[in-house]
Amino acid sequence: MRALHVLQRAFVRQIAFTCSARWRWTQSRIFSSTIPEKHTPSSAMFKHLTSKIKATGPISVAEYTREVLTNPVLGYYVNNDMLGPDGDFITSPEISQIFGELLGIWCVSEWMAAGKPKEFQFVEFGPGRGSLASDILRVFSQLQSVLGGTAVSVHLVEVSPRLSGVQARSLTGDHNQVSSSENDPVYRRGTTGTGLPISWYRNLEDVPKGFSIYLAHEFFDVLPIHKFQKTKKGWREVMVDIDPEDVDRLRFVLVPAPTLASSTLIQADESREHVEVCPEGGVVIQKLSSRIAEDGGAALIADYGHDGTGTDTFRGFRGHKPHDVLTAPGTVDLTADVDFSYLRRLAGDQAACFGPIAQRQFLQNMGIDVRLQVLLRNSPDAATRAQLNRGFDMLTNPAKMGDRFKFFALLNHNRLAPPPPGEKGKKRAPGPLPVAGFSELKV
Ligand code: SAH
């Protein structure tokens with residue numbers, strides 16, 4: 001507990017004041033309700049989807065989402081830089097530097113709780129514009145006194161070549177290069193501005209094994225979901241088809257017979273009428289849990305979501321406004337709330353699960369109030385102070401991102417094991433460190 005306090009204090013009070021000018025007020029993706037918009041049937045993506053449907057029949061919502069978001073040529077994520085005021089949505093790391101700084105502290109505290117392994121891989125899924133990683137790496141570098149002598153390396157799992165370029169510029173300047181071979185699992189590598197080796201991968205399997213702290217912020221919500229509706233005849237899958245009355249339009253249909261997905265993905269005791277399941281997210285969780293069990297480490301997953309109660313949450317965003325999910329595919333961000341109860345189930349016994357807890361609670365447990373006060377005290381001008389306050393409000397206000405965003409962690413079981421009984425006459429070893437963010441820490 002003391003070690004964690006020292007870390008907290010070193011961070012929230014002493015880290016040099018560096019205020020990024022990133023924050024600008026705009027809409028995050030949590031707000032739903034869909035505004036239909038005029039479709040653009042002539043787009044290459046629309047043609048690609050309709051030719052697929054014409055060839056094989058209606059496609060699952062998961063296949064639709066996979067094509068629309070990550071098709072290697074036409075996909076939304078592959079071609080766009082969608083984050084920020086000029087894009088389609090904004091995320092917490094883009095809103096306030098404090099968010100990334102507190103997550104950086106979380107990573108270091110879990111590394112400490114694991115006994116300070118000599119090698120420490122920081123792995124981030126879907127790093128967007130690289131803002132979260134940049135804030136975290138600043139914390140690592142300012143905690144040199146704690147991390148010194150440890151071989152820290154940075155590993156980014158990113159499907160988008162376009163965004164990997166944005167991340168590389170932000171994190172390395174010019175110190176990176178794209179692999180000359182298409183088959184190289186490390187498709188880009190370099191050295192961060194703080195001197196750490198950094199590599200980019202398309203898949204988790206390509207990231208080297210070893211003690212790692214994994215981070216996924218607004219990553220699971222973009223993984224494809226299957227949608228199911230309870231009917232009198234049992235569960236049926238919702239699919240995407242061409243509208244027979246307007247061939248320039250797509251529509252949802254209910255498949256009359258069970259599909260492989262509807263027969264295998266619904267729990268026997270399911271009580272909801274409409275369910276969304278993200279098997280790809282389940283696979284990532286299983287891989288993460290087994291890596292954590294074998295090599296040590298932890299994963300922190302932050303996203304909007306529910307604990308097995310959500311129903312129809314699939315939605316689209318364009319230009320910071322809700323957008324019909326089937327209209328203008330490839331130009332719209334698609335997302336669904338993360339079902340944390342499903343992730344917990346898939347983690348099984350391999351890892352200990354914490355959360356989900358509300359973002360507001362997590363950030364408060366991590367010391368966001370104190371950190372804000374330090375930054376405010378050191379802020380040179382009123383505009384910066386107002387910006388810091390607005391960012392804080394957006395992240396923690398229950399009516400904004402404070403409640404709908406949740407934090408969920410996977411930890412190695414040994415991390416939580418009680419200490420072995422001490423030798424006779426010797427002082428008993430202290431118990432395991434509390435898990436930062438999930439329990440209240442008094443700084
Ligand atoms: N974490 C960032 C960005 C969130 S947007 C933030 O919070 O600001 C989703 C990110 O995941 C983007 O970087 C996108 O390119 C990436 N992504 C989407 N699908 C992916 C997949 N299947 N594999 C790896 N990265 C993916």
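## The largest cavity

The lining of the largest cavity divides into 9 nonpolar, 5 polar and 5 charged residues. The model is a predicted one, and the volume computed for this cavity is about 140 Å³. In total, 19 residues line the largest cavity, and I225, C278, D337, V338 and D339 are the ones nearest its centre. Two or more lining residues come from each of the strands β11 (274-277) and β16 (338-339) and from the helix α12 (340-347).

The structure holds 3 cavities of 30 Å³ or more.

## The largest pocket

The largest pocket contains about 1000 Å³ of space. Its lining is made up of 49 residues, with T70, E158, V159, R202 and F219 lying nearest the centre. Several elements each give two or more residues to this lining. The helices among them are α3 (61-70), α4 (76-79), α5 (92-95), α7 (131-142), α9 (161-172) and α11 (279-295). The strands are β2 (119-125) and β5 (186-191).

By class, the lining of the largest pocket has 24 nonpolar, 12 polar and 13 charged residues.

## The ligand and its shell

The ligand takes up the space of the largest pocket. Around the ligand stand 19 residues, of which T91, G126, G128, E158 and H217 are the closest. This shell consists of 11 nonpolar, 6 polar and 2 charged residues.

E158 appears in both descriptions: it is among the residues nearest the centre of the largest pocket, and it is also one of the residues closest to the ligand.

## Polar contacts of the ligand

Two side chains approach oxygen atoms of the ligand. In T91, an N or O atom of the side chain is 2.5 Å from a ligand oxygen. In E158, a polar side-chain atom lies 2.5 Å from an oxygen atom of the ligand.

A further contact involves the backbone of V159, where a polar atom is 3.3 Å from a nitrogen atom of the ligand. The ligand taken alone exposes 570 Å², and the protein buries 94% of that area. V159, like E158, is listed among the residues nearest the centre of the largest pocket.

Note on methods:
Residues numbered from 1 in each chain as written. Predicted model: local features only at pLDDT ≥ 70, side-chain atom pairs only at ≥ 80, totals over all residues. Heavy atoms only, no water. Near = heavy atom within 4 Å. Polar contact = N/O pair within 3.5 Å; in protein donor to acceptor, adjacent residues only side chain to side chain. Areas by Shrake-Rupley, 256 points an atom, 1.4 Å probe, with all protein chains shown as cover. 1 Å grid on protein atoms, 1.4 Å probe; cavity = no way out; pocket = protein on both sides within 12 Å on 5 of 7 lines; lining within 4 Å. Sits in = over half its atoms within 2 Å of the grid points. Nonpolar A, V, L, I, M, F, W, Y, C, P; charged D, E, K, R; others polar. Points joined across faces, edges and corners; volume = space filled by probe spheres on them. Helix = DSSP H or I, 4+ residues; strand = E, 2+ residues; numbered from the N terminus.
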